[in-house]
Structure formats: C-alpha cells, structure tokens
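Q: Could you help me find my way around this structure? I'd like to look at its inside and then at one of its sheets.
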Amino acid sequence: MRKIAFYLSAAFLLVALVLGSMLFRRVNSTLRASRSRAALKDDLPFSLRPFTHSTAPAFEQTGFSSTATAVVELSGKLYIASPSGLAVYDTPSAPPRQLRLGIDLPPERITGLAVAHLRGHPASQVLGITSGAGLLLFDTNAPPQQLLAADPSSRTLTAILPLATGDLLLGTQHAGVLLFDGTHLRRVSPATSHLDVTALAGNETEFWIGTRNQGLLHWHSGQLTTLNKDGGLPDNTILSMADTPRGLFVGTPLGVAEIIGDHVSRQLARGLFASTLSVNQNSLVIGSPEQSLLTVPLAAHAVVTGTPLEAATLLPTPDAAFAVSQGKLLRATSAGLWQTVLTLPPGGLSDSDVTALNFSTDGRLWIGYFDHGLDVLELSTQRVQHLENDHLFCINRIVNDPSRRTVDVATANGLVLLDAAARPQQVLTRQDGLASDQITDIAFSADGLTLATPSGLTVLTPSGAQTLSSFNGLANNHVYALSADPASTLLLAGTLAGVSVVDHMNIASTLSLQNSALPRNWITAIVRTSAAEAPPRWLVGTYGGSVVEVDAQGHVTKANTPAPDAVINPNAMLATPTHLFAGTLSQGLLAYNRSTQHWTQITNGLPSLNVTAFASHGGELYIGTTNGIVHVPEQDLP
C-alpha cells in the first residue's frame, strides 16, 4: 500500500510539474507577446531607402550661399553643410564634391551634422538632420539614404545625439525626442512626445533636452525633471548646449548657464544671445549674431589669448570647434587659437532666404533677402555687391522706376531709391507722408507711384502723398500686392479681405468671398496676364486658394492648377511672353504655358519647395527660394 501511495504521489507531482511548466510557458509567452505588442504600439512607421537623384528640369544654381550651417570631419574628409547642400572635401586644397538640394539631396536644408557608428552598420558615417526631410545617412561611395517618418510632424529634425550603444536620439520641432536603433523608430517617452526640441546633450544613461519654451529637461533613471527660469536659467528658451567634464553649459537668448549636477552653478555672458557654444581648456566660446564670437574665461583669473575673429560663425562639434570667418574655415586649438583649415570658394551670396528678385537695366541681378539686405550680382563675373543698413534690411520688393530711372526697394523700414550703381539716393518713411514705414509692394500708374502698406495705400503724386484706407472704401488696410498700368489710372490692390479696384484715386469696386468666386479673401500676389491685352486681365494669388483670374468686369475664374489649395507667396508671380508663374509656400512652382494653355506643377530640381520670387532675363527664368536661387531656360520647362 505504501508503494502504491508513493507511486500515486509521484504521479500527481509529475502531472503538477508538467501542468505548472505548461502554465509558466504560457504566461511567459503571453508576457513576451504583450511586451512585443507594446513595443510595436510605440513604434513609428518610417522608410529607410536611398534618395533618388532628380533628373528634370535642368535647373542651374545661381551664385551660392557662403553661409555654413554645420561641419564635421570623418576619415580625413570635411563635410560642410550650407543652404545650398553639402560640400565634401577629400583634402583642403582639392575642389569639393557638391551635393545639391533638390538634385542630389531632398529640397530641405541640412541644419546639423554628426558622426555616428549606428547599430548594425559596419563603420562610422556622417548623418545630417534636415528641416523637413528627416535624417540623411551618407556613405562614401553610395547615394545618401533617407530616414523618413510617416508622420510629417516627425520629419523636421532640430537636434541629434549619437549614443555609444549605436542608438540615435533625434530632437524634432513639434514631436519631442525620437530613438532610432537601426531597426525601429520610436518615441523616447510619452512625456516628451509633444516637446519643441532645440538641443540634445548627454549619453546613454542620462541626457538633457533643450526646448523652445519649457526650459531644460533632464532624463535620468527613467525619470524626467525640469529646470527653468525659476531654477536659475537665464531664459526658458534653450538655443544651444555644450556637455563637458566640468559641467553642462546651456545657451539662451539672455546668456549662458553652467549646470553641475541638476543645479545652475552660475550664469555667464548675461544678456547675450548665445546661439552656439563651444568649450576649450580654459574658456567658453559663444557664437552670437549680436557680437559674432565672444570668448569668456571660465576660471576666476584665467587669461583669454588669441586673436578675435571678425564676422565669424561658430560651428561646434563634439570633438572640435570650427568657425567660418572672412571666407575661411578655421579650427580652434586647445589653447584657444584659430587655425585655417581651408579657404572657401570666393564670391558667395550673402544669404539664401530670398524674398525678391529683379534685373536692373544694366543686366545685373538684384537679390533681396528676408533679413540680410540685398546683393547685386553681376552674372558674367559673379562679382557681388552687398548693401545692408537700418533701412535696407528686410526686403519685400525690388522694381525699376521708369520715371526716376532708379531701382526702388520696398523694405520693412521704408522705401529706398538707389541709382544704377546701387548708391542710395533717397529714403521715404512715415515722416515723408507714407501710411507706414513697412512697404509690401510698389506699382506705377498714371496717378503716380503707389505703395502698399499694412496701413493702406500711399500714392505719391506731383502734389504730394495721398492715402487710401478702409475709411475710403478699401477692402482692408493691410495691402499685400499691387498691379497697375503706367499708361492708365486703373490699379488692383490685394488685401487681407479681398481685391479692391482703384481708378483715379477712387475705390471703384471690391471683390471678396461675399460677392465673387474668390476662394480666399487673403490676396498675396497680383500680376497682369499681358501688358498689351485689352481689356486687361489679371492673375491673382491667394493664401490657400491657389490662383484665380480676374477680368476688367470683376468676373473671377478659378485657374485649373494642379495645386488648388496652394498658398501663393507674397508677390511671387511673374508674367513672361510664354508663361505665367506662381510660387507656393510648400508645393513648388506653378507654371502656365500660354501656347498649350496648361498648368504644370514643378517640384523636381528645386532647392526648396518654398518658391518666393521670380525674374526673367534673356529667355532664362530665375527662381528665388528659401534655399537660394536657380535658373533655367523657359523653353526647357515641361
């Protein structure tokens, strides 16, 4: 009986062990599946594939921007990013290999570079973050690969931090911090998923997140803590960071904070706009648009040595500090001295964010910028003359004045008249009777020179300045665009609330959503379809309703463009004998072929899909964008 009882007990124990083992395996499998499902739930869909080289049409670059946005060094090669693309120098003395935006690279500028050895990749490589085209991965003898998140909000990258594990942290403009491990792309934490990230610093165990308006966040031990103005930061907007063994340095618009542990140890360079930072042995180097480069000693009695740089841009990397000054790329030594690495190609344009284009009667191209005045480019020699002062700063429009034989420049701070040699002759502001200092457009009619402003129209007549506003029947005081005929008194004014037809200083009629087929009230650009056409017709650009046609009777006809919801940029329209052109905010170039009566949307080959200005000369179309200028023979357009 004892043996039988023993065998029964053993059998029951064996069955229990088997059932327990099966139950354990099922629970373990369920937990693994649950974790896998949770990981998949956090994963963000993305694609990783080579970028396809653009083939048509054959846009050629006009000039180039001498502004550098980032630099890194790998295996003896220098990689320099600019608004035009990426220049790769095998040696400092050899001409670089140029990768152009819109041709060899996506039409979004590279805002930062890093060197990383990613998980699963055989060697270190150069990575570039972009302002809307995700992450670019560069290999020596292959086209760049593009990591593109399916969610558009995760494509604008603002910061990059390679980790020793082979993972990569990516800061985004509105979607927080992302982690890429070579196979998956996911958010670091739900707590960071909606941050506007500006900078990253740290390592795989702890890292810091700089934000646009929420101060500094510290991720450590799976927890997130915040440091802001209440904790000693100069400002809650973080512009830059430098992580060093002696502490973390954080740049803000109002100075720099040195952080040791989780606390602000001290503030440096109070009141300075610290856009970039670099730390050498004894000093902190601050890049600022206000004072170029400023060197601050870190020790109490340290002495700063070296020659100050003039008009320099600081380009820090984790291993070295570079700077661009007077056409040269320099590297900082450990002692704080600057040594020349290479000389950049001469004759570069002053900026790339183009807002206005026009050819003067001598054939020179005048280029207006968003915030850096204007350049006058001689195409045959590529010589550039730069003009910038308190008035010639933010350029809205450049036109040739037929009566004064001047070039008239509409700016955010007055109307500037220049002679053929680009010498300022006169500046007109509110003190001279203008409705506002800000001039958005210029037109010439038989009544005189008409100026568009945010406070109505100003007409400069032989008897003085006269103003038309909403009090006189104008659709809205904020006028963006004008179109007139110098031989008649008829003028169209595009406003925030529709189109007003002005005839001999009187508001003849107004077109808006309420009484016409206008798709939007906000009018951004107007151009007459043909100067010789009678009765006249106009092409009108809108903010979000693409392009419409308006005739002399006020009838509105929707143009059959491929982008019916396009935002037409201010004054980004042009009529030539063969085409009509409109530049959009994000959908490239819209072109109307007069012979085929067909609209075409052009995006391939453009350095940016934000097309801002046009000019025509000698059968060539010149196209201004936020990433520079390209030109193409009109006959080569689709």
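A: Happy to, and please keep in mind that this is a predicted model. We can begin with the lining of the largest cavity, which by class has eight nonpolar, nine polar and three charged residues.

Q: OK, and how many cavities of 30 Å³ or more are there in the whole structure?
A: A search of the whole structure turns up three cavities of that volume or more, and the largest of them has a volume of about 160 Å³.

Q: Which residues are closest to the centre of that largest one?
A: The lining is made of 20 residues, and those closest to the centre are Gln-61, Pro-607, Asn-627, Ile-629 and Val-630.

Q: And which elements give two or more residues to that lining?
A: Those elements are β2, which covers 60–62, and β56, which covers 628–633.

Q: Switching to the sheet now: what's the strand order in the open sheet of four strands?
A: The order is β42-β43-β44-β45, and the pairing is antiparallel. Neighbouring strands in this sheet are turned by 25° against each other on average, if direction is ignored.

Q: Which strands stand at the edges, and why is one side of each left without a neighbour?
A: The edge strands are β42 (479–484) and β45 (506–511), and because each has a single partner strand, one of its sides has no neighbour in the sheet.

Q: How many bridges are there between β42 and β43?
A: β42 and β43, the latter spanning residues 490–495, pair in the antiparallel sense over five bridges.

Q: And what's the bridge partner of Leu-482 in β43?
A: Leu-482 has Ala-493 as its bridge partner in that strand.

How values were computed. Residues numbered from 1 in each chain as written. Predicted model: local features only at pLDDT ≥ 70, side-chain atom pairs only at ≥ 80, totals over all residues. Heavy atoms only, no water. 1 Å grid on protein atoms, 1.4 Å probe; cavity = no way out; pocket = protein on both sides within 12 Å on 5 of 7 lines; lining within 4 Å. Points joined across faces, edges and corners; volume = space filled by probe spheres on them. Nonpolar A, V, L, I, M, F, W, Y, C, P; charged D, E, K, R; others polar. Pairing = 2+ DSSP bridges. Axes fitted to C-alpha atoms, helices over the stretch in contact; angles between N-to-C directions.
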